[in-house]
Amino acid sequence: MGFGRYKKDVPPFFDSERKKEECEMKKENEIRVLMVEPHEHPKEFLLENTLQAMQEAVGGLIDIVGLEDNICILLNDEGKLLGMEGSRRIGDDIIAGTFYVCGSNEEGELVSLTDVEMERYSEMFWEPEEISQEEIEKATRFEVMFFDL
């Protein structure tokens, strides 16, 4: 069973604005996202909107990181530790492995990207980057949090 499908299979029903009524009424079963793989140009992709499909898509445990308002990145939480190839640099960090640029709504649910968002992030991540394993190791950080009980 696959976890999504490529753009050629995506129905052309998305206009330039997110269909807020549909998002508020029900969770989308599939979301239209931008898939970014190491050494490749980004591709439009339909991703099943389930935890299992997302874990399969990133190859392990998922992490969702905010990129901008209503835009986030779905990635492998342990990508760097597992030695996955570097994909793209974002600020002073490096994302290892395949990641997905997704929309998000006010409730924090993942939703489809609009045409405008798809174009913007396709351009942002268009050029594949060569990232050494040494660079990935230097970008690996551990955060320790203590909680008062």
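Me: Which backbone oxygen does the side chain of Ser122 reach, and at what distance?

Reply: The model is a predicted one. In it, the Ser122 side chain comes to 2.7 Å from the backbone oxygen of Met118. Ser122 itself belongs to helix α3, which covers residues 115-124.

Me: Is Ser122 buried or exposed, and why?

Reply: A residue is called buried when its relative accessible area is under 20%. Ser122 is placed in that class because its relative accessibility is 18%. Beyond its neighbours within four places in sequence, Ser122 has contacts with Leu34 and Pro42.

Me: What does the chain look like as a whole, in terms of helices and strands?

Reply: The secondary structure consists of four helices and nine strands. Their order along the sequence is β-α-β-β-α-β-β-β-β-β-β-α-α. The chain has 149 residues, and 38% of them are buried. Of the contacts between residues at least 6 apart in sequence, 62% link residues that are at least 24 apart.

Me: Which residues should one examine to understand the largest nonpolar core?

Reply: The general idea is that nonpolar side chains in soluble globular proteins tend to be buried together. In this structure the largest nonpolar core has 13 residues, and the members that touch the most others are Val33, Leu47, Leu74, Tyr100 and Cys102. At least two core residues come from each of β2 (30-36), β3 (43-48), α2 (51-58), β5 (71-76) and β8 (99-104). A second core, separate from this one, has 12 residues, among them Val36, Leu113, Tyr121 and Phe125.

Me: With which residues is Val33 in contact, leaving aside its neighbours within four places in sequence?

Reply: The contacts of Val33 include Leu47, Tyr100 and Cys102, and also Lys43, Glu44, Phe45, Val101, Leu113 and Met118. Leu47, Tyr100 and Cys102 were named above among the residues that touch the most other members of the largest core.

Me: Where does Leu46 lie, and is Leu46 buried or exposed?

Reply: Leu46 is part of strand β3. Its relative accessibility is 3%, so Leu46 counts as buried. The C-alpha atoms of Leu46 and Met35 are 9.1 Å apart, with their positions 11 residues apart in sequence.

Me: How is one to read Glu37, and where is its place?

Reply: Glu37 sits in the loop that links β2 to β3. Glu37 is classed as partly exposed because its relative accessibility is 21%. Its side chain makes a polar contact of 2.8 Å with the side chain of Lys43. Lys43 is also one of the contacts of Glu37 outside its neighbours within four places in sequence, together with Ser87, Arg88 and Thr98. Glu37 and Tyr100 show how sequence separation and spatial distance can be read together: they are 63 residues apart in sequence, and their C-alpha atoms are 8.7 Å apart.

Me: What is the phi of His39, and what is the phi of Asn70?

Reply: As a general rule, most residues other than glycine have a negative phi. His39, which is not a glycine, has a positive phi of about 65°. Asn70 also has a positive phi, near 60°. His39 is found in the loop between β2 and β3, and Asn70 in the loop between β4 and β5. His39 counts as partly exposed because its relative accessible area is 33%. Asn70 is partly exposed as well, with a value of 37%.

Me: Is Gly66 buried or exposed, and where does Gly66 lie?

Reply: Gly66 lies in strand β4. Gly66 is exposed, because its relative accessible area is 63%. Outside its neighbours within four places in sequence, Gly66 is in contact with Ile71 and Cys72. From Gly66 to Val101 the C-alpha distance is 9.7 Å, at a separation of 35 residues in sequence.

Me: How many residues line the largest pocket, and which lie nearest its centre?

Reply: A pocket may be described by its volume, its lining and the chemical character of that lining. Here the largest pocket holds about 620 Å³ of space. Its lining has 22 residues, and those nearest the centre are Asp63, Leu75, Asp77, Lys80 and Asp93. The strands β4 (62-68), β5 and β7 (93-96) each contribute at least two lining residues. By class, the lining contains 11 nonpolar, four polar and seven charged residues.

How values were computed:
Residues are numbered from 1 along each chain as its sequence is written. This is a predicted model: local features need pLDDT of at least 70, side-chain atom pairs count only at pLDDT 80 or more; totals for chains, interfaces and linings use all residues. Side-chain values use heavy atoms; hydrogens and water are left out. A nonpolar core is a set of buried Ala, Val, Leu, Ile, Met, Phe, Trp, Tyr and Cys residues joined through side-chain atoms within 4.5 Å. Buried means under 20% relative accessible area, exposed over 50%, partly exposed in between (1.4 Å probe, protein chains only). Contact means heavy atoms within 4.5 Å. On a 1 Å grid over the protein atoms alone, a cavity is a set of points where a 1.4 Å probe fits but cannot get out, and a pocket is an open set with protein on both sides within 12 Å along at least five of seven lines; lining residues have an atom within 4 Å of a point. Grid points are joined across faces, edges and corners, and a volume is the space filled by probe spheres set on the points. Ala, Val, Leu, Ile, Met, Phe, Trp, Tyr, Cys and Pro count as nonpolar, Asp, Glu, Lys and Arg as charged, and the others, Gly among them, as polar. A polar contact is a pair of N or O atoms within 3.5 Å; within protein, one must be able to donate a hydrogen and the other to accept it, and residues adjacent in sequence count only if both atoms are side-chain atoms.
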